[in-house]
Amino acid sequence: MKTSNAVRDSLLTVLAPAVWGSTYLVTTELLPPDRPLLASVVRALPAGLILVAVGRALPQGIWWWRALTLGVLNIGAFFYFLFVAAYHLPGGVAALVMSVQPMIVLLLGVGLLGARIRGIHIVSCVMGALGVGLLVLQPTAGLDLVGVLAGLAGAASMATGLVLTKRWGRPDGVGVLTFTGWQLTVGGAVLLPFMLVREGLPDVITARNVSGFLYLSVIGALLAYAVWFRGIEKLPALAVSFLSFASPLAATLLGYLVLGQSLSPVQLIGAAVVIAAVVVAQPIRTRRHAARLNVKPTQSV
């Protein structure tokens with residue numbers, strides 16, 4: 001992989017978690033209250049059905065159960081836990097809890113991808129967690145047990161889905177949009193019966209609610225996940241996972257711009273540390289160093 005290509009792929013992929021950072025704001029400001037299952041289904045299922053209809057291809061053979069597994073891990077379970085965390089925790093705190101994802105990817109990569117843990121990976125994980133902590137933890141930040149457990153479960157779900165997506169790839173001849181559509185459809189379809197039984201449909205849907213659902217479905221799911229899965233193909237799994245730190249950065253910035261929240265010097269330092277952790281975790285330096293030595297880079301997580 002050329003350095004220029006790695007930079008381009010990283011910059012494109014980081015757009016997905018940056019968009020996901022707006023989920024916390026949209027959930028609290030635009031969606032009906034206390035309906036995480038409804039939010040999850042509406043976000044995933046319409047976008048997935050559109051992509052499947054456009055791609056006109058269904059899974060074949062072993063890819064039926066693989067698509068089911070990835071759809072549940074990357075979409076269904078992750079969306080549900082994400083929205084539960086968003087309803088129970090301030091956006092920044094939810095992002096902090098879910099920042100354990102790269103650490104889970106690091107461990108899973110050893111067993112499932114045959115990768116090696118390098119010192120730089122550990123340093124990046126510590127820097128990332130520290131930076132997110134400085135960025136989002138404030139004296140008034142509330143901790144709720146349900147929200148914390150949901151955030152941890154969401155991080156574990158997406159980390160596992162990310163590593164399995166990297167391990168399995170996608171079927172020959174199937175485009176990334178269709179592949180994304182399979183997973184969004186599965187994730188939304190799995191959650192649909194639980195949503196109907198536990199939450200039902202709200203009595204009133206306002207124009208404000210519709211705008212929130214449209215944003216999450218089209219921008220936050222259809223487009224963002226297509227970019228995300230492309231990035232998983234192009235970059236090492238751990239590097240992609242570290243790009244998810246753009247989510248708390250975006251959440252904090254939106255809080256400042258939209259909600260009038262202040263940014264302290266400590267938060268600015270935290271943001272700088274997060275950005276440094278993301279840069280350090282990217283494969284650019286390793287590839288460049290290997291090119292100088294004229295050797296083939298070893299497998300990265």
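**Helix H13, Thr185 and the cores**

Hi everyone, let's start with helix H13, residues 246-258: its 13 residues should span 18 Å at 1.5 Å a residue (the expected span being 1.5 Å times one less than the number of residues), and the end C-alpha atoms are 17 Å apart, which agrees. Helices here are DSSP runs of H or I, at least four residues, numbered from the N terminus.

A quick word on the source: this is a predicted model, where local features need pLDDT of at least 70 and side-chain atom pairs count only at pLDDT 80 or more, while totals for chains, interfaces and linings use all residues. Residues are numbered from 1 along each chain as its sequence is written, and side-chain values use heavy atoms, with hydrogens and water left out.

Back to H13: among its buried residues (under 20% relative accessible area, 1.4 Å probe, protein chains only) are Ala246, Pro248 and Thr252. After the helix comes Gly260, with a positive phi near 75°.

Now, where is Thr185 found? Thr185 sits in helix H10, residues 176-198, and counts as buried because its relative accessibility is 17%. Its side chain reaches the backbone nitrogen of Leu49 at 3.4 Å. Beyond neighbours within four places in sequence, Thr185 is in contact (heavy atoms within 4.5 Å) with Leu45, Gly48, Leu49 and Val52.

Next door in sequence, Leu184 touches Ala44, Ile75 and Tyr225, among others, not counting residues up to four places away. Leu184 is also one of the residues with the most contacts inside the largest nonpolar core, which has 49 residues. Such a core is a set of buried Ala, Val, Leu, Ile, Met, Phe, Trp, Tyr and Cys residues joined through side-chain atoms within 4.5 Å.

Technical notes: Buried means under 20% relative accessible area, exposed over 50%, partly exposed in between (1.4 Å probe, protein chains only). Helices (H or I, at least four residues) and strands (E, at least two) are DSSP runs, numbered from the N terminus. A polar contact is a pair of N or O atoms within 3.5 Å; within protein, one must be able to donate a hydrogen and the other to accept it, and residues adjacent in sequence count only if both atoms are side-chain atoms.
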